[in-house]
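Colleague: I would like a close look at one part of this model, taken slowly and with the reasoning spelled out. Please start from the side chains and then work outwards.

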Amino acid sequence: MQARILIVEDEESLTTLLRYNLEAEGFEVTCAARGDEADLLLREQLPDLILLDWMVPGLSGIELCRRIRARRETEQLPVIMLTARGEEGDRVRGLATGADDYIVKPFSVPELLARVRALLRRTKPAHVSGTLLAGDIELDRVSHRIRRSGREIHLGPTEFKLLEFLMRSPGRVFSREQLLDGVWGHDVYIDERTVDVHVGRLRKAINRPKQSDPIRTVRGSGYSFDEMFTEV
């Protein structure tokens with residue numbers, strides 16, 4: 001499962017170009033043509049990085065960036081500002097508003113992809129690493145192998161995706177709806193209790209007697225991978 005990127009851009013041809021190239025690199029891409037639409041999407045599901053055009057309608061990129069930095073749940077969200085405004089004062093304003101990087105149109109797609117990867121390496125290294133590690137659990141995203149204390153664990157494809165999804169954001173509580181969207185996808189209609197069944201299967205596979213359970217049930221909210229899980 002690759003990093004999720006939200007493109008906020010009202011120029012359709014540029015959105016198509018960016019989406020094509022980002023998906024070719026293995027990223028999961030969502031698009032919004034308006035700032036207010038993007039604001040709603042951010043409240044439903046957080047991406048791992050946002051490409052934000054300065055001059056989108058509905059809500060400007062600058063104002064959306066301010067809101068992102070003002071909210072606790074999005075204050076650390078990596079933002080790359082896209083704009084035709086290349087003057088030094090504009091670049092300073094964009095960065096001062098909270099953008100992590102600033103790219104002036106027209107730009108090179110290979111350069112944009114390099115900046116996306118570089119920013120993810122700094123802010124979310126798990127998304128560009130082939131291996132996720134937590135306590136005595138090792139998940140290899142390339143070979144789809146999982147080990148705990150050296151013991152190989154065999155999971156079905158859904159349980160593997162579920163564990164990977166949770167391990168990518170330790171400590172964050174996901175509702176069943178968010179897990180359905182993140183693991184099964186937006187276009188699949190499944191009862192939310194299906195999540196409970198797969199969490200149960202996952203726990204049974206990764207936990208032996210007397211081993212601590214890294215998956216935390218948060219009553220009334222959902223599930224989380226315990227950020228304090230360090231058992232070896």
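Colleague: Is Arg 66 buried, partly exposed or exposed, and at what relative accessibility? Please go on from there to the salt bridges around that residue.

Modeller: This is a predicted model, and in it Arg 66 has a relative accessibility of 40%, so it counts as partly exposed, lying between the 20% under which a residue is called buried and the 50% over which it is called exposed. The side chain of Arg 66 meets that of Glu 63 in a salt bridge, with an N to O distance of 3.4 Å. Both residues belong to helix H3, where they are three residues apart, about one turn of the helix. Glu 63, at 27% relative accessibility, is partly exposed as well.

This pair is part of a network of salt bridges that links Asp 39, Arg 43, Glu 63, Arg 66, Arg 67 and Arg 71. Within that network, Arg 67 and Asp 39 form a salt bridge at 3.2 Å, N to O. Whereas Glu 63 and Arg 66 both lie in helix H3, the pair of Arg 67 and Asp 39 joins distant parts of the chain, for Arg 67 sits in helix H3 (residues 61-70) and Asp 39 in helix H2 (residues 35-44), 28 residues apart. The two partners also fall into separate accessibility classes: Arg 67 is partly exposed at 31%, but Asp 39 has a relative accessible area of 7% and is therefore buried, since that value is under 20%.

The structure holds 17 salt bridges, and one of them pairs Glu 152 with Arg 145, their closest N and O atoms being 3.8 Å apart. Here Glu 152 is partly exposed at 32% relative accessibility, and Arg 145 is partly exposed at 42%.

As for the wider setting, the chain is divided into domain 1 (4-123) and domain 2 (131-229), whose C-alpha centres lie 29 Å apart. Five residues of domain 1 are in contact with seven residues of domain 2, and the area buried between the domains is about 470 Å², with carbon and sulfur atoms giving 26% of it. On the side of domain 1, Arg 4, Gln 45 and Leu 46 supply 71% of the area buried against domain 2, more than any other three residues. Across this interface the rule finds zero salt bridges, and zero residue pairs in polar contact where both residues are at pLDDT 80 or more, although the side of domain 1 that touches domain 2 has three charged residues beside one nonpolar and one polar residue.

Conventions: Residues numbered from 1 in each chain as written. Predicted model: local features only at pLDDT ≥ 70, side-chain atom pairs only at ≥ 80, totals over all residues. Heavy atoms only, no water. Domains from an automatic or database assignment. Contact = heavy atoms within 4.5 Å. Buried area = accessible area lost by both parts, 1.4 Å probe. Salt bridge = Lys/Arg side-chain N within 4 Å of Asp/Glu carboxyl O. Polar contact = N/O pair within 3.5 Å; in protein donor to acceptor, adjacent residues only side chain to side chain. Nonpolar A, V, L, I, M, F, W, Y, C, P; charged D, E, K, R; others polar. Helix = DSSP H or I, 4+ residues; strand = E, 2+ residues; numbered from the N terminus. Buried < 20%, exposed > 50% of the residue type's maximum accessible area, 1.4 Å probe, protein only.
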